[in-house]
Number of protein chains: 2
Amino acid sequence: MIIDKLYKAVEEKGHVCLGLDTDISYIPEGFLKSFESIEEAVFNFNKEIIDETFDHVACYKPQIAYYEALGIEGLKAYSRTLKYIKEKGGISIGDIKRGDIAKTAEMYAKAHFQGEFEADFITLSPYMGMDTIEPFLDYIKNHEKGVFVLVRTSNKGAEDIQYIESKGSRRIYNIVGEKIKSLGEEVKGNCGYSSIGAVVGCTHVDEGKELRQSLDSTFFLIPGYGAQGGKAEDVALYLNQGNGGIVNSSRGILLAYKNKEQGEKYFAKYAKEETIRMKEEIAEAISKLS
Amino acid sequence: MIIDKLYKAVEEKGHVCLGLDTDISYIPEGFLKSFESIEEAVFNFNKEIIDETFDHVACYKPQIAYYEALGIEGLKAYSRTLKYIKEKGGISIGDIKRGDIAKTAEMYAKAHFQGEFEADFITLSPYMGMDTIEPFLDYIKNHEKGVFVLVRTSNKGAEDIQYIESKGSRRIYNIVGEKIKSLGEEVKGNCGYSSIGAVVGCTHVDEGKELRQSLDSTFFLIPGYGAQGGKAEDVALYLNQGNGGIVNSSRGILLAYKNKEQGEKYFAKYAKEETIRMKEEIAEAISKLS
């Protein structure tokens, strides 16, 4: 089960999930200009970041929207980034948040679990129901793949739908969480977690603690740290004795070089420094809890 | 407003939205082999279908999953298909069902409302909330673009989340529908409908009628006709005196050539025949209602 590999990576390297949301404006100008195409510039920016941070990152999560925005060239860079992570023995999450009916879901599985855009994990959106998640099960069971399904996201608008209370006084995100947990029972790894994980933002601590208790075998992909207001001590509450989740940071790491001495030249070095700082901050918050 | 163009297309050409879910296995073998690349084969298959059906189709809806499954080549065919529809003066819906937070949503808008993957409309998933729809508003207001947001889908699993009843005894899809309607008020066209439309499947007639009444200014993209069990008389109930919605058919049209005389040779001709049959069937069902 792929989740065992991720669990082990967290043990060895810490909780950082590095979000490769590589906007063209994030790439230092001199670096950008040294390449003949956008594809080369984006891929090589990612490559330098990956090389420098590799020992301190549990997994990399390219957000496909940033690559789609650059058209075919961007998607080539997306593909090369995923291949490069694989080559190095790293773990990737394709942050694609797809969700569609049976035959279409099969096509998404084909697109993102094999071939040019192959990732170890992908993110999925559950609005259309569980039959949009099920087509991915075969890949999870038999091809070392995993998914993270949106449960409680970190944005303000999460309240619009996820927070609606049902007649049974349970919020939509709780109901989705339980369906995910139940579907995940049959794809549990040796580590005790399922290869069907959940996206749970760390910006609402109370709900997070409750979700951590109820979804005890569900691995969390946790957005919201840093720019969105989530702190290390909040994040620690979403973990089970130190494992069971990864914490995403994108801009916080990719743009760590801003306003630093020779920042543009040493962007990857500053990314590494910020990764280590974040990793240690989370580790400390965990140790204080236990 | 782009919705006025779509409204007029329905008046002139009927209600068919042709879903270009171009699986490689749908392309007749002889046709497939006559091209040097998958990109050429897929694009040219679509082109023949578009040319033949153009006078009887309100809009074309390529489902991006099928193209992503073919990798970069597939996405090139997706891009060329959208450009070809635009060149001919047709209307396109990029069926991408994206949904993500602010900055990421902006990237999706950039990706699918301009540049290589530009479509007139795109589909969106609302699970993460209204702040994931709002970044598209500028394009809707100022750049003749529109969206269709998932409200009540046609699949079995739709019941898992969309059918949950809230404390106020209202189903999630009703709540989503109203939020869409409210957000759409400021982007209404002269035709009376908003450029923020809703995806409402025609497989649950009772709910559909209720939605049609409550969302009186919301244009519907209606899946579920044909293979999924929706009939023309059902579809008619989702329309307001004959307009206010388009009805998708994908495989029903693309594969109309199967088991036909010289089907593989004349696949586009059979697609046209099926399009006209469907269009007339819906028109007749509407006339019987009024």
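This is a short dialogue on reading the sheet and helices of a predicted model.

User: Let's start with the sheet. In what order do the 8 strands of chain A lie, and is the pairing parallel or antiparallel?

Analyst: Happy to walk through it. The strands form an open sheet that reads E2-E1-E8-E7-E6-E5-E4-E3 in chain A, and the pairing is parallel. Strand E2 (59-62) and strand E3 (93-98) of chain A are the edge strands, each pairing on one side only. From one strand to the next, the twist averages 30°.

User: Can we zoom in on one pair? Over how many bridges do strands E4 and E5 of chain A pair?

Analyst: E4 (residues 121-124) and E5 (residues 146-152) of chain A pair in the parallel sense over 4 bridges. To find one of them, look at Thr123(A), whose bridge partner in E5(A) is Phe148(A).

User: Which strands does helix H9 of chain A lie across?

Analyst: Helix H9 (residues 172-184) lies across E5 and strand E6 (196-200) of chain A, running at about 160° to E5(A). Helix H3 (residues 38-53) of chain A lies across strand E1 (16-20) and E2, at about 170° to E1(A).

User: Now helix against helix. How do the axes of H3(A) and H13(A) cross?

Analyst: For a pair like this, check the angle against the cut-offs: under 35 degrees is roughly parallel, and 65 to 115 roughly perpendicular. The axes of H3(A) and helix H13 (residues 267-289) of chain A cross at roughly 45° and come within 9 Å, so the two helices are oblique to each other. Their crossing is right-handed. Residues making the contact include Phe45(A) and Ile49(A) of H3(A), and Ala268(A) and Lys272(A) of H13(A). By class, the contact has 5 nonpolar, 2 polar and 4 charged residues.

How values were computed. Residues are numbered from 1 along each chain as its sequence is written. Chains are lettered from A and ligands numbered from 1 in the order in which they are written. This is a predicted model: local features need pLDDT of at least 70, side-chain atom pairs count only at pLDDT 80 or more; totals for chains, interfaces and linings use all residues. Side-chain values use heavy atoms; hydrogens and water are left out. Two strands pair if DSSP finds at least two bridges between them. Axes are lines fitted to C-alpha atoms, for helices over the stretch in contact, and angles run from 0 to 180 degrees between N-to-C directions. Contact means heavy atoms within 4.5 Å. Angles under 35 degrees count as roughly parallel, over 145 as roughly antiparallel, 65 to 115 as roughly perpendicular and the rest as oblique. A crossing is left-handed if the near helix is turned anticlockwise from the far one by less than a right angle, and right-handed if clockwise. Ala, Val, Leu, Ile, Met, Phe, Trp, Tyr, Cys and Pro count as nonpolar, Asp, Glu, Lys and Arg as charged, and the others, Gly among them, as polar.
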